[in-house]
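I opened a fresh page for this chain. I wanted to look things up one at a time and write down what I found.

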Amino acid sequence: MARTPLYDAHLAFGGRIVDFAGWDMPIQYSGVVDEYQAVRNQAGLFDVSHMGRMSVTGPRAAELLNHLTTNDVTKLDVGQAQYSMVCNEDGGIKDDIFVYRTRLDGYLVCMNASNRRKIVQWFGSQAQSLPDCDMRDRSDELAQLALQGPVSRTVLHSMGMREVDALQVRHCVEVTLAGAACLLARTGYTGELGYELYLPAEHARMLWDQCLERGASQGVKPAGLGARDILRLEMAYLLYGNDISEDTSPLEADAAWAVAFDKPAFIGRTALLAQHANLSRKLVAFELLERGVPRHGFAICTPDPGRERIGEVTSGNLSPILQKGIGMGYVPPGFASPGSSLVIDIRGKAIPAAVVKPPFYRHKRSV
């Protein structure tokens, strides 16, 4: 089982360790809901060092990335980031990623832990025809922390990171932390004001301890994968292996906004163009109208007495802030419009549900 540079810190803070994509990771510390509330109201500190990280540099780096990803990296200025996807020739999603432009000819790609080897190998095989492009898997040498929540900016500012004051959403900047180069990005997976920090693995524990020490008086807590999953679900953010896979496309996953059809050819473009006018299913967000908790794999049925199975829940849970069951799943286009009625089969009990426009959670404060 693989471990991040912060494994000992998780044990020291009472983390309950589970197997996640082949990694020993904390599912919770003080409790899933308690950590969730900390992120929504103060801030939570996540170790996401299990994610994959790869640098792509050189005069043809942008050309390679534009060929392999669905979004258009040429639209990124230095210091900007974008969400994108990597597809196969059939338009199936090999992974969803974040691309950071760190310099004129340099990018950092962040990928899912479960897909690290697959994506590194895929990029490597495709880069063989581009000698002016250098790729390096930096997953082991870099750690990745995420400080997410309303007080995150204040905490980082108190640690000397003055750059947070002007950093806009999906922007990044290189900072120096205790003599070590660190990429500070205003990105995250929670929907709250938040930051992700990429830094040398040997400095991870120092930053972890500093964040918690400086943030203790403001209610900052370590947070695990359990809280992270509820937070991302409330925002209807996609989870690879649940909501998306190589058997689903960006169009089916309601992520057409991350596909730049107007750029030069990219892998999967032809298949996606053909699918565009003939979608057989679409990922929707739904809320239960009665008490219940939808879970991954539960059947989604028609609301008529016949209860025909038309899909299944890909992600589901009880929303602490809404106090109702929420979820996502694929259904035929005729059932995908907001307000459409569905039935979720929860262990043999038919629970009515309604399709809603995502995200489930919205707040008035600026993030």
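**Entry 1: Asp254**

Is Asp254 buried, partly exposed or exposed? I noted first that the model is predicted. Asp254 has a relative accessible area of 38%, so I put it down as partly exposed. I found it in the loop between α7 and α8. Its phi is positive, about 60 degrees, although Asp254 is not a glycine. I added a reminder for myself: most residues other than glycine have a negative phi.

**Entry 2: Arg347 and its hairpin**

I looked for another positive phi and came to Arg347, with about 50 degrees. Arg347 is not a glycine either. It sits in the loop between β18 (341-346) and β19. These two strands form a hairpin with two residues between them. I checked the accessibility next. Arg347 reaches 70%, so it counts as exposed.

Then I followed the strands themselves. β18 and β19 run antiparallel and are joined by six bridges. Across from Ser341 I found Ala354 of β19. β19 also has bridges to β14, four of them, and that pair is antiparallel too. There, Phe286 stands opposite Val355 of β19.

**Entry 3: After β19**

I went on to the segment after β19, where Pro359 lies. The peptide bond from Pro358 to Pro359 is cis, with omega near 0 degrees. I wrote beside this that most peptide bonds are trans.

Arg362 is in the segment after β19 as well. Which backbone oxygens does the side chain of Arg362 reach? I found the oxygen of Pro358 at 3.1 Å. I also found the oxygen of Pro359 at 3.0 Å. Arg362 counts as exposed because its relative accessibility is 54%, and the cut-off is over 50%. I also picked Pro26 for a distance check. Arg362 and Pro26 are 336 residues apart in sequence, and their C-alpha atoms are 27 Å apart in space.

**Entry 4: Helix α7**

How many of the ten residues of α7 are buried? I got nine, so the helix is mostly covered. Helix α7 spans residues 225-234. The buried residues include Leu225, Ile230, Leu231 and Leu233. Charged residues are on the list too, among them Arg228, Arg232 and Glu234.

What do these buried residues pack against? I listed two strands, β1 (16-20) and β2 (23-28), and then helix α2 (32-41). The list goes on with β3 (44-47), β16 (309-319) and β17 (324-331). Just after the helix, Ala236 takes a positive phi of about 60 degrees.

**Entry 5: The cores**

I turned to the largest nonpolar core, which has 37 residues. Phe46, Met85, Tyr100, Leu238, Ile244 and Phe360 touch the most other members. Several elements supply at least two residues each, including α2, β5 (81-87), β6 (93-103) and β14 (282-288). The largest share, four residues, comes from α7. I noted the general tendency here: in soluble globular proteins, nonpolar side chains tend to be buried together.

I also found a second, separate core of 29 residues. Leu145, Val164, Cys182 and Leu212 are in it.

Back in the largest core, I checked the contacts of Met85, leaving out residues up to four places away in sequence. Leu68, Ile93, Leu238, Ile244 and Pro250 are among them. Asp95 is on the list of Met85 as well.

**Entry 6: Asp95**

That made me look up Asp95, which lies in strand β6. Asp95 is buried, yet it has no salt bridge. How far away is the nearest side chain of opposite charge? It belongs to Lys118, at 6.5 Å. A salt bridge needs the atoms within 4 Å, so Lys118 does not qualify. Asp95 does have a polar contact, side chain to side chain, with Asn112 at 2.6 Å. Beyond its neighbours up to four places away in sequence, Asp95 touches residues including Val86, Met111, Asn115, Ile119 and Tyr240.

**Entry 7: A six-stranded sheet**

Last, I traced an open sheet of six strands with mixed pairing. The order is β10-β11-β12-β9-β3-β13. Which strands are at the edges? They are β10 (172-177) and β13 (221-222), and each pairs on one side only. Further in, I counted seven bridges between β9 and β12, which run antiparallel. The partner of Ala146 in β12 is Glu196.

How values were computed
Residues numbered from 1 in each chain as written. Predicted model: local features only at pLDDT ≥ 70, side-chain atom pairs only at ≥ 80, totals over all residues. Heavy atoms only, no water. Buried < 20%, exposed > 50% of the residue type's maximum accessible area, 1.4 Å probe, protein only. Contact = heavy atoms within 4.5 Å. Core = buried A, V, L, I, M, F, W, Y, C linked by side-chain atoms within 4.5 Å. Polar contact = N/O pair within 3.5 Å; in protein donor to acceptor, adjacent residues only side chain to side chain. Pairing = 2+ DSSP bridges.
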